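Student: I've got a structure open and I'd like to learn how to read it. Can we go through helix packing, then the charged pairs?

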Amino acid sequence: ILLRRVICPDCFKPAKNKQSVFTRMAVMKALNKIKEEDFHKQFPCPPNSPKAVCTVLEIECAHGAVFVAGRYNKYSRNLPQTPWIIDGERKLESSVEELISDHLLAVFKAESFNFSSSGREDVDVRTLGNGRPFAIELVNPHRVHFTSQEIKELQQKINNSSNKIQVRDLQLVTREAIGHMKEGEEEKTKSYSALIWTNNTIQKKDIEFLNDIKDLKIDQKTPLRVLHRRPLAVRTRIIHSMESHYVDDHHFRLYLKTQAGTYIKEFVHGDFGRTKPNIGSLMNVTADILELDVESVDVDWPPALDD
């Protein structure tokens, strides 16, 4: 209170999302403004002996957070990774996050959770192969000791509850270990399969040149569809390799290996010229993407478990 009244009234301003004005940052700011001699005047060192005995008003016990990690596959083209709520209204009934965490909350008897993953896929994109690494922080769990068999049974319970997702390699991890997952988000490669439509009729020979393109640098201006949540910037990404499979006059399937963080949909249709070059400009056609699948996320975490 002395810091607030005497030293720096401006440092302690109420904010909507803060319960108290006395936050760590506010106190640090006030302490940085006070001279050492003034500090000693206001706060003698060592401090004066207290004149009254402290009494305990309340004791609250909480368990440290527990972390669970694994990999998930998403088989639905109508399932977001996290709850899709706009202006307080839920757009889709479930999400990958909820289908997994609801079971963990119940078994660990936790108060709440925080979900994180190595990147994310769009609502209409499937994640196949070995799946996408994820981690869930369980806050204030009331049960923390589980055998590996019990964790395996919990994984099976999650997998039996929905045909939209599957989980593998479910395991308890440390907070520090989650850093491995985040390291892989930008550095590692990801593989995709895209079904592409072209306005002009094509033959097999028209797409074969794509197979010879290696380590293609592309510039991607933040896509229009994510501008509401991502800052406007131009990001350089690398398409490591491509493999084309002819389907018919207007369709082909393209397998891509790319730098993580590449916007694949925009690399196909060009996003009104915001991604250069793109499949449309390389082939000199109008191209669009009909289906997209994540085939692999090349992050070797968490450790694979024996089934």
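Tutor: Sure. Let's start with what an axis is: a line fitted to C-alpha atoms, for helices over the stretch in contact, with angles running from 0 to 180 degrees between N-to-C directions. Keep in mind that this is a predicted model.

Student: Okay, so how do I describe two helices that pack together?

Tutor: Two packed helices are described by the angle between their axes and the distance between the axes. Here, take helix α4 (residues 96–108) and helix α5 (residues 148–161): their axes come within 10 Å and cross at roughly 140°.

Student: Are α4 and α5 antiparallel or oblique to each other?

Tutor: Oblique. An angle has to be over 145 degrees to count as roughly antiparallel, and this crossing is at roughly 140°. As for its hand, the crossing of α4 and α5 is right-handed.

Student: Which residues make the contact?

Tutor: On the α4 side, look for L99, I100, H103, L104, V107 and F108. From α5 come I151, L154, K157, I158 and S161.

Student: Now the charges. What's the general idea?

Tutor: Side chains of opposite charge can pair when their charged atoms come close. For a salt bridge, the cut-off is a side-chain nitrogen of Lys or Arg within 4 Å of a carboxyl oxygen of Asp or Glu. There are 16 salt bridges in this structure.

Student: Give me one to look at.

Tutor: Try E291 and R77, whose closest N and O atoms are 3.8 Å apart. That pair links distant parts of the chain: E291 sits in strand β12 (residues 287–297), while R77 is in the loop between β1 (66–74) and β2 (85–86), 214 residues apart.

Student: Is E291 buried or exposed?

Tutor: In between: E291 is partly exposed, at 30% relative accessible area. R77 is partly exposed too, with 27%.

Student: Which other salt bridge does E291 form?

Tutor: One with R253, where the closest N and O atoms are 3.7 Å apart. R253 lies in strand β10 (residues 251–259) and E291 in strand β12, so this pair ties together parts that are 38 residues apart in sequence. Through shared partners, salt bridges join R77, R126, R253, E291 and D293 into one network.

Student: And another pair to practise on?

Tutor: Look at E89 and K91, whose side chains meet in a salt bridge at 3.9 Å, N to O. K91 counts as partly exposed, with 41% relative accessibility.

Student: Last one: how is the chain divided into domains?

Tutor: Into domain 1 (1–42), domain 2 (66–187) and domain 3 (190–297). The centres of domain 1 and domain 3, taken over C-alpha atoms, are separated by 53 Å.

How values were computed. Residues are numbered from 1 along each chain as its sequence is written. This is a predicted model: local features need pLDDT of at least 70, side-chain atom pairs count only at pLDDT 80 or more; totals for chains, interfaces and linings use all residues. Side-chain values use heavy atoms; hydrogens and water are left out. Helices (H or I, at least four residues) and strands (E, at least two) are DSSP runs, numbered from the N terminus. Buried means under 20% relative accessible area, exposed over 50%, partly exposed in between (1.4 Å probe, protein chains only). Domain bounds come from an automatic or database domain assignment. Angles under 35 degrees count as roughly parallel, over 145 as roughly antiparallel, 65 to 115 as roughly perpendicular and the rest as oblique. A crossing is left-handed if the near helix is turned anticlockwise from the far one by less than a right angle, and right-handed if clockwise. Contact means heavy atoms within 4.5 Å.
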